[in-house]
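Please open the model in your viewer, colour the chain by confidence, and keep the selection tool at hand for the stops below.

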Amino acid sequence: MMNSLNLTTGCKRYVKSCLSILALYSLAACSVVGPNFEPTDTIQLPTSWNKNDTKKAELNTRQWWKQFNDPTLNRLVEAASQQNLDVEAAGLRILQARMVYSISDALSYPQVQVVSGQLAKIYTDDKSYTNAALSFDAGWEMDVWGKYARGLESANAALYASIASYNNIAVSISAEVARNYVNYRTFQERVLLSQRNIQIQQRVVEITQVQYDSGNVTELDVQQAKSQLYGTQAALPALQIGMMQSRNALAVLLGTLPEKIDATLASNDINDRIKTYLTQYDSNAAKRASANNQNYSLVPTPPTIDPEIDASLVLRRPDLQVAEQQARAQSAQIGIAESALYPSFSLFGSIGVNSTEESSTSFSLSDSLTVAVGPSFSWNIFQYGRVKNNIRLEDARFQEALTNYNKKVLLAIQEVSNSLSSYQLYQTQEALRLKAVNAAVRAFNISMTQYENGQINFERLLSSVEKMTRSEDSHAQTKGNIANQVIALYKSLGGGWEANSGKAFVSNSVIETMKARTDWGDQLEAPQTLPSLVNQREEQPNIGPGIDNKEVQ
């Protein structure tokens, strides 16, 4: 009994000594090696880009597609934000990054906590023994040099990068929906123009056939009229294919089957426009008026773009936020690698029993109690430059990440400049093409009248028909190009990601499916909503495992 008391007293003293050492280690744990991340100096933006009213500019880009005043486009973009599979996959990557962050956070606590036991039968000669052991082992590597703190910093930056990547995908999806919708309407208008011109050319063939039967023209005129008609008819399937491909692309973006979006595309507003479009002709099928008025154009009318760009919008692009957060995560890896230069300190403890007795003898666990508690350290002193070279490797990777960021800034400048310049040039082209359409339609009407009166030959009539067909088709394409350049400009400015702040990045149906498959505890109970990544170039707090709808300032 006395020996047991002395043992217990000695253990208590030893534990007190270890706790004192633990306190000293905790005081020393404030030393975090490695560089602290500082935002890179951004490549200078074009001086022609003025800084205007940033808040107003942000509002204009927040839901830019609504400026087209097209209800169908609004419905498609909203549906894509909820149904697109790439967006859903990006949301699940945020969930993965949250789990990685939680794992990194858990490393701040004792890394080893193991209960082990065994029961064995041992046979030697004519005797047998029973061995029983049960132990609890714990180990805690103190974060004296900030290795685990840097790991948590890296995981936090990776989490931010996953959120920015989600926003970047949302920007791309909304732009792709708008682009394919514009292409669909452009092809649709070109198809209607082609069908109307086919009707006109069929009328020309009929008139020429009558003239030939009357002996007024030769068969050559008839065959030339038919050749032009067949050529126009042959071009129609290519337009219908483009229309079909744009519809199918929209279906993929919405995560559904093509036939399920036909009703949305064939809205009442569009049907009314088509009816109006088809009535913009004279009663005489061989005559026609220009059908290019914006009031009934099928191509969505884009908003007017201010040529002055607010430079601050470019630096808020989600893909630039991804690149910067990746650099931040890599910066922390330098500190992790540098911590290997110094000794690591740990506390360990073990308590257990281990007894081996003859099979006929009962166990006496009180005599087999083993307690071990104490500090330890390890230091890789002979590494032949491996540790330092690993630090240099991580530093080179960090510098590469900064370089990639600056490259992305240059690409952003290129995209904005290309879109803005193309928009302005297409505007000039559209005005000229509209004049060409009106002139070609007028020339056709005059030539048809003169041909019927025998005032001009058939070649001039065919030439006027061909020029009218080409000019109308080119004008429709130019209208689509203008709308697409507006879309490209808003995409290059990173417009649209703000609209997702506070929205769920994982749908309820997916959450329920994952819960049924795996024990997620309370990890999926918190609101799975996106914070607003405001001004990422400022110091950011840890998001931690509980992302909610509060803005991260």
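The tour goes from model confidence to the sheet and then to a single acidic residue.

This is a predicted model, in which local features need a pLDDT of at least 70 and side-chain atom pairs count only at pLDDT 80 or more, while totals for chains, interfaces and linings use all residues. Residues are numbered from 1 along each chain as its sequence is written, and side-chain values use heavy atoms, with hydrogens and water left out.

Begin with the whole chain, coloured by pLDDT (the predictor's confidence in each residue, from 0 to 100): the average is 83, and 84% of the residues score at least 70. Now select helix α1, residues 2-28, which has the lowest mean pLDDT among the elements of the chain, 47, and then helix α6, residues 219-253, which has the highest, 95; helices (H or I, at least four residues) and strands (E, at least two) are DSSP runs, numbered from the N terminus.

Next, select residues 535-539, where pLDDT stays under 50 and the model has 12 contacts beyond four places in sequence, a contact meaning heavy atoms within 4.5 Å. Residues 541-553 also stay under 50, and for them the model has 43 such contacts beyond four places in sequence. Where pLDDT is low, the predicted coordinates should not be read in detail.

Move on to the open sheet, whose 4 strands follow the order β1-β2-β3-β4 with antiparallel pairing; two strands pair if DSSP finds at least two bridges between them. Strands β1 (112-124) and β4 stand at the edges with a single partner strand each, so one side of each is left without a neighbour in the sheet. From one strand to the next, the twist averages 20 degrees.

Within the sheet, show β2 (residues 127-141) beside β3 (residues 344-358), two antiparallel strands joined by 13 bridges. Across this pairing, A133 stands opposite N354 in β3, and E141 stands opposite S346 in β3. On to β4 (residues 369-378), which is antiparallel to β3 and joined to it by 10 bridges; here I351 has V371 in β4 as its bridge partner.

Finally, select D221 in helix α6. Which side chain of opposite charge is nearest to D221? The answer is K226, 13 Å away, and D221 is buried yet has no salt bridge. Buried means under 20% relative accessible area (1.4 Å probe, protein chains only), and a salt bridge is a side-chain nitrogen of Lys or Arg within 4 Å of a carboxyl oxygen of Asp or Glu. Not counting residues up to four places away in sequence, D221 touches T208, F458 and E459.

Notes
Buried < 20%, exposed > 50% of the residue type's maximum accessible area, 1.4 Å probe, protein only. Lys, Arg positive; Asp, Glu negative; His and termini not counted. Axes fitted to C-alpha atoms, helices over the stretch in contact; angles between N-to-C directions.
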